[in-house]
Amino acid sequence: MNKDIYLDFSCDYTQGAHPIILEKLAETNMEPQTGYGYDSYCKSAEEKILKACAAPEGEVYFLAGGTQANAVVIDALLASYQGVLCADSGHISVHEAGAIESNGHKVLALPHENGKISAAEVEAAAESYHEDGNRDHMVMPGMVYISQPTEYGTLYSLNELSAISEVCRKYRMYLYVDGARLAYALASPENYVTLQDLARLCDIFYIGGTKCGALLGEAVVIPHKGLIPHFFSIIKQHGALLAKGRVLGIQFDVLFEDELYLHIGEAAVSYAHRIQDALINAGLSVPFLSPTNQVFVTLEDSLKERLEKNIGFSFWEKPDVNHTTVRLATSWATGEDAVEEFERLINT
């Protein structure tokens, strides 16, 4: 392999921001704007997002990052004796350094299938709690957390999401959707869950910006205003209120102009499918097919060591002592040249 070639598919936020966002940030740089999200750009972005979600009576709050959004939202909604159900592979369960637990709420992990949990598993967990004679000594499930797409790049179908929503309403649990990579879900040809569906079926969700073309930022959408009284103050209490809120508002105002957010992930998904096909055609082991921008492959460790000299990917798991499963991720910024070079490298 050519030591001068290096293709970075390690994650989907290695680049900065979409050029239109940078242009708008520069263009508005010297405009005086009110702080803390009360500026005109946050207001405009909120209006555009709520229109796209068909939730005109809702609310939108802009936070800097996904872990921050998850920690603030979950702590704001759950009572002190409640926990949150999620896949045992879920981001809040594995990759947030105990952020949820640090606020006093237990993560109640459920088994998953390629990143997804089912309505039946959620109902069984809720029913188990309510039927237990010792439930007053236990953590009560108060919320279900899922990601769209999941940590495995897989998607909840509309039927699956509807069924989970129905169970949540039956047991009076909140349904919260982590949309860190939502743009790639919306861009997938296999996706039939829209922003309107999320607003209709979920109590709260966030629209990811950090991984989807923004420098930073996530838009927390509350479809029904007043779900969390004094949410602004709660955000402040968590140290999550950005004084220069305009930085977030401007970015989402751009992302939701002319449906940019709905299309920004299309090339990434297409390129990921090409990478996935190249791996399969090379005879490598792809443990499952991902319909979004994340691709997983299991490599013999000797091959992994050879490939990582030219290709950046992230560790996923060790299925046995001689193999490693790794993840490759495309993004809104991935180019045709990089994918063509990957296809060439994987076949040499």
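**Exercise 1. Sort the lining of the second largest cavity by class: how many residues are nonpolar, polar and charged?**

*Solution.* Keep in mind that you are working with a predicted model.

Step 1: Find the residues. The lining is made up of L279, V297, L299, L307, I311, F313, V326, L328, F342 and I346.

Step 2: Give each one a class. Val, Leu, Ile and Phe count as nonpolar, so the tally comes to 10 nonpolar residues, with no polar and no charged ones.

Step 3: Place the residues on the fold. At least two lining residues come from each of β9 (294–300), β12 (323–329) and α15 (336–346).

Step 4: Add the volume. This second largest cavity holds about 40 Å³ of space.

**Exercise 2. Now try the largest cavity: which residues line it, and how do they divide by class?**

*Solution.* Step 1: List the lining. You should find C86, A87, S89, G90, H91, G115, Y145, I146, S147, T150, E151 and Y156.

Step 2: Sort them. There are 5 nonpolar, 6 polar and 1 charged residues. Glu counts as charged and Gly as polar, so E151 goes in the charged group and G90 and G115 go in the polar one.

Step 3: Look at the strands. Both β3 (82–87) and β5 (140–147) give at least two residues to this lining, and β5 has the largest share, with 3 residues.

**Exercise 3. How many cavities of 30 Å³ or more does the structure hold, and what is the volume of the largest?**

*Solution.* Step 1: Count them with that cut-off, and you get 2 cavities.

Step 2: Read off the volume of the largest cavity, which is about 80 Å³.

Conventions. Residues are numbered from 1 along each chain as its sequence is written. This is a predicted model: local features need pLDDT of at least 70, side-chain atom pairs count only at pLDDT 80 or more; totals for chains, interfaces and linings use all residues. Side-chain values use heavy atoms; hydrogens and water are left out. On a 1 Å grid over the protein atoms alone, a cavity is a set of points where a 1.4 Å probe fits but cannot get out, and a pocket is an open set with protein on both sides within 12 Å along at least five of seven lines; lining residues have an atom within 4 Å of a point. Grid points are joined across faces, edges and corners, and a volume is the space filled by probe spheres set on the points. Helices (H or I, at least four residues) and strands (E, at least two) are DSSP runs, numbered from the N terminus.
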